[in-house]
Amino acid sequence: MRYMQVSGNEQNLARCSDNSCPCGLPGAGIPRGEGYVYVSKEIADFRADCLNEAETRLKVDLLSTQTGTAISAAGGVFAPILMCEQGARKRGLDLSVAAADAQHWWKTGLVPLRPTPLAGAGTSSDDAAARHAVAPSHLPDSSSQPSVVPQTATLRGFPKGWAIVWIVVNIAGVLAPMSDLSDSAVPGLIFFTMLLNTVAATGYFLLVKKRAIGLYAVLGANLVGFLIGIVQVPGYYITVKTGLIPGIITYFITRKQIRYPFGRSRVN
Ligand SMILES: [Zn+2]
């Protein structure tokens, strides 16, 4: 089974986005993990060659250039629909499949690339009314964005470059003292420092992958490095000693993209 990327699964409450659903506007609330996903044949066909949302946006842009019309992606014509039970019944969806697809989407942001099977023989292709997509038109702070804005699995833009720089710095910190290990008076401490650099590099790598736990690794390793940096180590400069400050800066520049369990999350 192939899957297409559909953003919006980071919120805790979605709304029924089937415009033809009797639950009306703005749509019944659908808590995280619940609801029914409907993939029309048109959407499955359209997304067959653009599984991720960045590709979808390119395709939409290309199409609108070719046709000379501005295709509004804001209505989410190119994304599957998350709906309440009323809507799913009205469309005659196979409820167990549509519910399982919804659960899977909440967990992974991925939706199977095939039309949702119907429960009975009643073929409803009432897609014209189903213009409202899963996401992200109901998300706070993103109501004006098209639904095909890529929700990537990794950091984007400056925060990504920042994290990669610190991965490189910390790997350099791991490698640099290798030669000192044999002839140093404090091989244990150097080895420990290399370990801290490894942890910090791994932490930044996890942050690139948008894993909040990476920040604990970065801050933890750098805090320990800072503390042992207070001790004078002859002939050796502890590279992680000053890493605490970039670690803290990292929090502020990545919190728009990474959902941290503390502070005020800026992730939509
Ligand atoms: Zn509904």
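Helices and strands, in what follows, are DSSP runs, with at least four residues for a helix and at least two for a strand, numbered from the N terminus. On that basis, the chain before us holds nine helices and six strands. I should state at the outset that this is a predicted model.

Let me begin with the chain as a whole. It has 268 residues, of which 34% count as buried. If we take the contacts between residues at least 6 apart in sequence, 71% of them join residues at least 24 apart.

I turn to the N-terminal part, and to the loop between strand E2, residues 13–15, and strand E3, residues 29–31. Gly27 sits in this loop, and so does Pro26. The peptide bond that joins Leu25 to Pro26 is cis, with omega at about 5 degrees. Is Gly27 buried or exposed? Gly27 has 20 C-beta neighbours inside 10 Å, and therefore counts as buried; the cut-off for that class is 20 or more. Leaving aside residues up to four places away in sequence, Gly27 touches Arg15, Cys16, Ser17 and Cys21. For one of these, Ser17, the C-alpha atom lies 6.3 Å from that of Gly27, at a sequence separation of ten residues.

Next, helix H2, which runs over residues 53–67. Its 15 residues should span 21 Å at 1.5 Å a residue, and the C-alpha atoms at its two ends are indeed 21 Å apart, so expectation and model agree. Which residues of H2 are buried? They are Glu53, Thr56 and Val60. Around the axis these residues cover an arc of only 50 degrees, and they are therefore on the same side of H2. A general point of geometry is relevant here: an α-helix has 3.6 residues a turn, so residues three or four places apart point the same way. The buried residues of H2 pack against strand E1, residues 3–5, and helix H1, residues 41–47. On the other side of H2 we find Leu62, Thr65 and Gln66, which are exposed.

I now come to helix H5, residues 157–175. H5 consists of 19 residues and reaches 28 Å from its first C-alpha to its last, close to the 27 Å expected at 1.5 Å a residue. The buried residues in H5 are Pro159, Ala163, Trp166, Asn170 and Gly173. Viewed down the axis of H5, they fall within an arc of 75 degrees, and so they line one face of the helix. The face turned away from that buried side carries the exposed residues Gly157, Phe158, Gly161, Val165, Val168, Ala172 and Leu175.

Within H5, Asn170 merits a closer look. Asn170 counts as buried because 28 C-beta neighbours lie inside 10 Å. What does Asn170 touch, beyond residues up to four places away in sequence? The residues in question are Asn197, Ala200, Ala201 and Tyr204. In addition, the C-alpha atoms of Asn170 and Thr198 are 6.8 Å apart, although 28 residues separate the two in sequence.

Further along the chain, Lys210 occupies the loop between helix H7, residues 187–208, and helix H8, residues 213–229. Lys210 is not a glycine, yet its phi is positive, at about 65 degrees. With 19 other C-beta atoms within 10 Å, Lys210 is partly exposed.

The last element is helix H9, residues 244–254. Gly247, Thr250 and Thr254 are buried in H9. Seen down the helix axis, the buried residues of H9 fall within an arc of 50 degrees, so they line one face. Ile245, Ile249 and Phe252 are exposed, on the face of H9 turned away from the buried side. Tyr251, also in H9, counts as partly exposed, since it has 17 C-beta neighbours inside 10 Å. Its C-alpha atom is separated by 9.7 Å from that of Leu207, 44 residues away along the chain.

Finally, how do H5 and H9 pack against each other? At what angle do they meet? The angle is about 160 degrees, with the axes 10 Å apart. An angle over 145 degrees counts as roughly antiparallel, and H5 and H9 are therefore roughly antiparallel to each other. The crossing in which H5 passes H9 is left-handed. From H5, the residues Phe158, Pro159, Trp162, Ala163 and Trp166 take part, and they meet Pro246, Thr250, Ile253 and Thr254 of H9.

Definitions and conventions
Residues numbered from 1 in each chain as written. Predicted model: local features only at pLDDT ≥ 70, side-chain atom pairs only at ≥ 80, totals over all residues. Expected span 1.5 Å × (residues − 1). Buried ≥ 20, exposed ≤ 12 C-beta atoms within 10 Å, placed from the backbone. Arc of directions from axis to C-beta. Contact = placed C-beta atoms within 7 Å. Axes fitted to C-alpha atoms, helices over the stretch in contact; angles between N-to-C directions. Parallel < 35°, antiparallel > 145°, perpendicular 65-115°, else oblique. Left-handed = near helix turned anticlockwise from the far one by under 90°.
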